[in-house]
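Visitor: I'm new to this. Could you walk me through the cysteines here and explain the words as we go?

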Amino acid sequence: MLKRWLVAMMARTKLLIMVAFCFTLFLYNPDCRTRGNQHQQILLKKTMDDMKYQALLQEREEQHHHYTASLRKQIFHLKYALREKRLLQKEETHNSHSELEVFLHKQLHRMKSQVGVTIPNEFAAVPYESFTLHNVYQLDTGLTKHLRKTLRRDMAGALEAALHILNGPKDKDDPRFRKTYSPHDFFEGIFHSERDKGSLYDLTFRDNTSLDFRRLELFRPFAPLQNVKEEIIDTSRMLINIIVPLATRVDTFQQFMNNFREICVKDERIHLTVVNFGTEKINQVRRIIETAARRVRSRNFTLIHLDEKFTRGRALNIGARAWKKSNVLLFFCDVDVHFTVDFLNSCRINSQPGKRVFYPIPFKKYNPDVIYGDHTPTLEKQQVINKSTGFWRELGFGITCQYLSDFINIGGFDVTNKYTGEEDLHLYRKYLHSNLMVVRAPSRELFHMWHKTPCAENLPTESFNECIQTRAMNEASHSQMGKLFFHQQIDNHLHKYNQTETQ
């Protein structure tokens, strides 16, 4: 009985424990279920938000694609319309533009002498005017201190346009290594104008880092400037053969060699050919040349001796043809000519084989004894350009720069003429009648020093009178000659004026 009672008690106890456990579990289960539901709701909400955001992004992206496609379509239609409009305008203005271009090219060709236009004589050739950054050299007005404002403005515009072209962007050009040109790099310019055509400018700029020059050709046909041509001129290999005829004037030749020796120090691309006539002073001439060669340590000297009567044309012919090397640039010079390194560069720039010959107009100096009296300055200080010291020797054609090939092809000097001096004019006329361009312009660095000009008695009367007139023109200016002629009246006036002032 006791055993069954214990078994029954244990069964009831287990039942009570199970009932208590179930009751406890029942009380705890709602709290757990509430927390799980909350966590699931949060996760579900986040998922819904992400889905809405992705849908919004996709919608915006589709709108952007549609808008971009619409813009591309509009751009395509606008480009097509613009192209059609340009083609239409081009077709409408083709005839007028073609006529304008033909006219401008025709005007440009008429400005240039290399197109083969026959010039009747030396007076019909229109010379160039030359200018630098600060001065203008014109034949009619000398130094032109009272230069017309319109002309000064035109030259400034041409210089500005040339600088804009030089400093503008170039194809296949690295801007890091491109030189920037300024007005100070301007070397020189030449120009000439004709009323029925326009103005043609030939401008040269120096590259201080090398021996290259940049030359631009600009044309103003009564319209804005047009860039005709741009080129680089490499002068590093342009050798100049300076040919000087000589006869007995040893003292003048010594002065010439002193100047030549100074130039050799600055410019080694020159060769001197002296053609000496007669045997009287040949030893002195040879000694002067040998002394100069030793001092400059150069062998660029040639002495040709002719035991005959002096003839300038024959001397230049022999001196030019004595050169047996490459096609050299010839500079026909005289023993009384003073030039500088800058002139040699002008000679190189303005001469081109088969295309251009250079006939510079030198500044002829008056008699220094008349100008300065007893106070004559040194030769270097006499190189001043104004109306009281000299004039542009416009009718002298003996000084010229041209290539040997052009000189030979044109036939050289005509030595059959019995009158000395006219062979220069005949050669100049042959170039005027050829297809080569003749550049004729005042040269600021070329001086023809004064010397006595004898007039041969066997000349015809007309030639003799011209020689006397030339001698008179070379002595002094018109005002100075007037002072010499009326010096007695001037002295009497000054004497009387001084006495009146004293009283």
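Guide: Sure, one word to start with: buried means under 20% relative accessible area, exposed means over 50%, and partly exposed is in between (1.4 Å probe, protein chains only). This is a predicted model, where local features need pLDDT of at least 70, side-chain atom pairs count only at pLDDT 80 or more, and totals for chains, interfaces and linings use all residues. Residues are numbered from 1 along each chain as its sequence is written, and side-chain values use heavy atoms, leaving out hydrogens and water.

Visitor: Why does Cys347 count as buried?

Guide: Its relative accessibility is 0%. Buried means under 20%, so Cys347 counts as buried.

Visitor: What makes Cys347 and Cys401 a disulfide?

Guide: A disulfide is a pair of cysteine sulfur atoms within 2.5 Å. The S to S value for Cys347 and Cys401 is 2.1 Å, so the pair fits the definition. Cys347 lies in helix α6 and Cys401 in strand β14, so the link ties together parts 54 residues apart in sequence. Helices (H or I, at least four residues) and strands (E, at least two) are DSSP runs, numbered from the N terminus.

Visitor: Why is there no bond from Cys333 to the closest cysteine sulfur?

Guide: That closest sulfur belongs to Cys401, and it is 9.0 Å away, so it's too far for a bond.

Visitor: How do you know that Cys455 and Cys467 form a disulfide?

Guide: Their sulfur atoms are 1.9 Å apart, so they pass the cut-off too.
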